[in-house]
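The following note is offered to a colleague who will examine the model at the bench. Its points are numbered for ease of reply.

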Amino acid sequence: MKQTLTALTGACVLALSTQAIADTKPPHVYGTMSARVVDFSDTNFIGQDVDATPTLYEGIVGLKGMHFLSNGMKLAYQFEADFAPIAEADGTESKYYGSTSTEDPIFIRYAGAALITKYGLFAFGDAMSGVYSEFYSAVDVFEVNTQDSTPTGAPNGSRMWTQTKWSKDGLVYKTPVWNHMFAKMVYASTTNESGEADDLKIIHGVYRDDRFMFGVNLSVYDKSLTGISNGVDDRKRLVVASHYNWDNFGLAGVYEKNTAMGTAGADFNVKAITGKYTDGAFSAAVSWQNREEPSAGVLTADTAKLAKVSYQVDPMLEVWMEAGKYSDSDNDNIGVGTKVKF
């Protein structure tokens, strides 16, 4: 089970870390407070009528650090939580649309540790797989129309693709980087109810230098996962992504192919491309995202056209404006907001 795997890995990491720490830096504490006002043309992303109420949608506090061991290894760790409301009584105050509980005021975004050696990186914890950060983050640069939601079996909210940003992971191994290339493997149990310790397996290969990235990822969910797979076939998600950055301009794209997703065993593809321009404190981004009609199930086709402009008033203060137009749903929106970082 996932808890057993995590406990065993944690014990290994702690044992290695006690080999003598040569240098310990104090952990870095950071945070973000964000507020916004959003006007939807009809309903919000979960189908509710809402007014344009000012909302605190991020109240993030985190810490991260690294221990340097005398034998040359490093022990890195990160913990991050969001204290903004996950869900009000009507579910409208949260950007984590996958959450339905009104009794949990804290959402854990990161919680993990990694042992870095010359033989590669060994890690355990949540949001450690790197699938979102490596393959999707360059496309998903928005505040309102974002992939920022809790893990669920199917897309919800503004999410066009099925990869969640905040994943529940188990054990992670990343190879040493060779000529800008590396591979990463994840072995996880997403739920104890499946009776399997490895009901999610992920592998991806990435080439990345200062300007260019190209990668391929395969995630396989065991057919024993009720509602995630159809009970007959393993659910698979194949992703190909790439991005390139010039001095002031960046272009990113992602292609996702889903097979046997959900109880109905839906097959469908998702495509997205995003361009971002930066000039000093000013930045602008546009994106086109498309989900084709799935072969089965309740999920529908949709196309999103998104735009955002932002201005960095100060290293700690950003203001932004964003708009989203959806061709096959009633989620068109326009919003403004501010973000304070420390």
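1. Helices and strands, as named in this note, are DSSP runs numbered from the N terminus, with at least four residues for a helix and at least two for a strand. On that basis the chain contains two helices and 17 strands. Please bear in mind throughout that this is a predicted model.

2. Confidence should be considered before any detail is read. The average pLDDT of the chain is 84, and 82% of the residues reach at least 70. Residues 1-21 call for caution, as their pLDDT stays under 50. For this segment the model has 34 contacts beyond four places in sequence.

3. As to the chain overall, 46% of its 342 residues are buried. Its accessible surface is about 16100 Å², and carbon and sulfur atoms contribute 60% of that area. Among contacts with a separation of 6 or more, 52% join residues 24 or more positions apart.

4. Which members of the largest nonpolar core touch the most other members? They are Phe135, Tyr136, Trp161 and Val254, within a core of 42 residues. In soluble globular proteins, nonpolar side chains tend to be buried together. Phe135 merits inspection in the viewer: beyond its neighbours within four places in sequence, its contacts include Gly130, His204, Met213, Val239, Ala241 and Val254. Phe135 also contacts Gly205 and Val206, as well as Gly215, Val216 and Asn217.

5. Seven aromatic pairs are found in a search of the whole structure. One of them joins Phe122 and Tyr173, whose ring centres lie 5.0 Å apart with 45° between the planes, a tilted arrangement. This pair connects distant parts of the chain, since Phe122 belongs to strand β6 (residues 120-126) and Tyr173 to strand β7 (residues 171-174), 51 residues apart. Are these two rings buried or exposed? Phe122 has a relative accessible area of 37% and Tyr173 one of 24%. Partly exposed covers the range between 20% and 50%, so both residues fall in that class.

6. A separate point concerns an aromatic cluster made up of Tyr207, Phe212, Tyr244, Trp246 and Phe249. Charged side chains also lie over aromatic rings. Arg36 is placed over the face of Tyr57, 4.5 Å from the ring centre. Lys64 is likewise over the face of Tyr30, at 5.6 Å from the ring centre.

7. Two residues other than glycine deserve a check of their backbone angles. Ala127, in the loop between β6 and α2 (131-136), has a positive phi near 60°. Ala127 counts as buried because its relative accessibility is 15%, and the cut-off for that class is under 20%. Asn179, in the loop between β7 and β8 (181-188), has a positive phi of about 50°. Asn179 is partly exposed, with a relative accessible area of 49%.

8. Finally, where does Gly297 lie? Gly297 is in the loop between β14 (282-291) and β15 (302-314). With a relative accessibility of 55%, Gly297 is classed as exposed, because that class begins over 50%. Gly297 and Ala264 are separated by 33 residues in sequence, yet their C-alpha atoms are 5.3 Å apart in space.

Methods:
Residues numbered from 1 in each chain as written. Predicted model: local features only at pLDDT ≥ 70, side-chain atom pairs only at ≥ 80, totals over all residues. Heavy atoms only, no water. Core = buried A, V, L, I, M, F, W, Y, C linked by side-chain atoms within 4.5 Å. Buried < 20%, exposed > 50% of the residue type's maximum accessible area, 1.4 Å probe, protein only. Contact = heavy atoms within 4.5 Å. pLDDT = per-residue confidence, 0-100. Phe/Tyr/Trp six-rings, centres within 6.5 Å; stacked < 30°, edge-to-face > 60°. Lys NZ or Arg CZ within 6 Å of the ring centre and 35° of its normal. Areas by Shrake-Rupley, 256 points an atom, 1.4 Å probe, with all protein chains shown as cover.
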